[in-house]
Amino acid sequence: MTLRWSDGLLILTLAGTTAQGQTLELCEQLLAPPQGASALSLGRYKAQLVQLQDQLRAIPYPDELLANCHHKVSRALARYSGKVERPLPLISAEAAYLTMTQDNRRTIQINRKACLRQDVEGEQARTLTLSKRSVGRYLFQAADSGCARSVWLAWQNRGGQQADRHLDTILALSHHQARERGYDDVMAWKLDGAFLGSYQQVDRFLSGLNPESAKLPWKRPNTPRYSYVDPHQLALATLEQLAQLFGLSLAPLPGDHWQLWDGRRYLGTLSLAPAERSGYLGLQRNLVNYYPGIGQVHYRNKVRWRGEHLSELAGSITTAFYHLAGHQLENYLGQRQEPDLVSLPRAIGLALGATPAFTSALGKAPEAEPLGFGPGELLRTRLSLAFWHQSNHQPQELARQQQQLFRRYYGVDAPKGWRPLSAYPKLVEQGPMLYGHLLAKKTAMDLVDLWRSDRISGPQLWEEMFVNSNHQAYSPSLARLTQSGN
């Protein structure tokens, strides 16, 4: 029987309910690689794998066999995408470290009367779970600075001394993996092809960024006032204004759905949906010449908004535009984009949403909050860079650098006993590319400044950063925009 890819979901669903013994057999048939090895046949095969993966992800409650099929599809995509297999000891060390950072079962006892939790009564007031939500709520409500400092320190140190053992293993095995591929160390490997291609360039970039404030990390933040908005109306206005800014057009469909057009090119379908917070969900990836994309923009469903919430919504919408322009096929075989600028499309939306020139035209919208660089993210990023630059893990040297960085960004000495890398998931999840979100934010802020001063137009920004960068490097586009701006 010849299987058509458009029937893949129907076949697998029927197999999962009426003929479960054949599900994996049918899955294997759909995963059979092409006989030829031409670029065209491999491209079509990969597009089919992506479509099947999207279909399987769309099933709300897949059974075990369909989940197994999804796993096989992911492995097939990885095999044809140039993904590097990582050694099992490295995966185990990273998993142990990440488990330590995300263990919400740890608690601390609060004994000082001034430190007791105000939102609960009895013995529970003395116990605090070391979870991000609980600690964040405590720091926001704490009246005593010393109590807040102690809780913050316990949260930072929740990984304990065991973290150094895992970090030592992670660093050593990462260097070994890099040397097996012909690089001197893991920094040289990960920065190969990056916009900032060396440790010296990254260090120079980070050294040139200044924090927006020096408020100590355990002090209650000065959060702006809320504005009361109609969430759906604001989400729709933001979507329409961003489309207009980039020179795109929206054709309405029933039920908060729109077709997105770039001139005469149909990009795909977008929908708006309320959720707890703004975000973007790509339901079907856009593969040019195969099929259009389908995506859903989530908007914050609460009526109270601050400027940061509007920026997050704008970032989600520009991510959707980038997706529908033909991007986000992960690990595309011909991918040449710089790995440290992967978050640039979202950062452009964040920067636009923080610009009064953009938000003032939205009608009733929260006041724009300018983007900046927090002292905490600068300190952690530079400390992470120092970690990955080591030839072997040296906790005492990192502690010395941590003291210098804390004094630079906060103006005071760091708390005694602070172990800043004892529980920091991004250190493993993003590795040496951790600085990338700062680079993308700074680059987006510079581009939006050019737009605000009328030195580049919205359609120029779209053409260069969302179209011409389709699996290509951002560098030429950034150079052309900078030249246009001058």
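This passage describes a helix, a buried histidine and the aromatic pairs of a predicted model.

Helix α15 spans residues 375-389 and contains 15 residues. From its first C-alpha to its last, α15 reaches 21 Å, close to the 21 Å expected at 1.5 Å a residue. The helix is mostly covered, with 12 of its 15 residues buried. The buried positions of α15 include the hydrophobic residues L378, L379, L383, L385, F387 and W388. R380, R382, T381 and S384 are also among the buried residues of this helix.

The loop between α15 and α16 (395-410) contains H393. The relative accessible area of H393 is 11%, so this residue is buried, the cut-off being under 20%. Two polar contacts of the H393 side chain were computed. One joins the side chain of H393 to that of D164 at 3.0 Å. The other, at 3.4 Å, is made with the side chain of Q390. When residues up to four places away in sequence are not counted, H393 touches D164, L167, D168, L171, F387 and L398. D164 is thus both a polar partner of H393 and one of the residues in this contact list. F387, another residue that H393 touches, is itself a buried residue of α15.

The structure holds 12 aromatic pairs. In one of them, the ring centres of F246 and W462 lie 6.0 Å apart with the planes at 45°; the pair is therefore tilted, as this angle falls between the limits of 30 degrees for stacked and 60 for edge-to-face. This pair links distant parts of the chain, with F246 in helix α11 (residues 231-246) and W462 in helix α19 (residues 458-467), 216 residues apart. Both F246 and W462 are buried. F246 also pairs with F466, with ring centres 5.1 Å apart and planes at 50°, so this pair is tilted as well. Here too distant parts of the chain are linked, since F246 belongs to helix α11 and F466 to helix α19, 220 residues apart. F246 counts as buried because its relative accessibility is 1%, and F466 counts as buried because its value is 0%.

Elsewhere, W152, W218, F406, Y410 and W418 form one aromatic cluster. W218 of this cluster also lies beneath a charge: the charged end of R149 sits over its ring, 5.8 Å from the centre. A further arrangement of this kind involves R304, which lies over the face of Y226 at 4.0 Å from the ring centre.

Key
Residues are numbered from 1 along each chain as its sequence is written. This is a predicted model: local features need pLDDT of at least 70, side-chain atom pairs count only at pLDDT 80 or more; totals for chains, interfaces and linings use all residues. Side-chain values use heavy atoms; hydrogens and water are left out. Helices (H or I, at least four residues) and strands (E, at least two) are DSSP runs, numbered from the N terminus. The expected span of a helix is 1.5 Å times one less than its number of residues. Buried means under 20% relative accessible area, exposed over 50%, partly exposed in between (1.4 Å probe, protein chains only). A polar contact is a pair of N or O atoms within 3.5 Å; within protein, one must be able to donate a hydrogen and the other to accept it, and residues adjacent in sequence count only if both atoms are side-chain atoms. Contact means heavy atoms within 4.5 Å. Rings of Phe, Tyr and Trp (its six-membered ring) pair if their centres lie within 6.5 Å; planes under 30 degrees apart count as stacked, over 60 as edge-to-face and the rest as tilted. A charge sits over a ring if NZ of Lys or CZ of Arg is within 6 Å of the ring centre and within 35 degrees of the ring normal.
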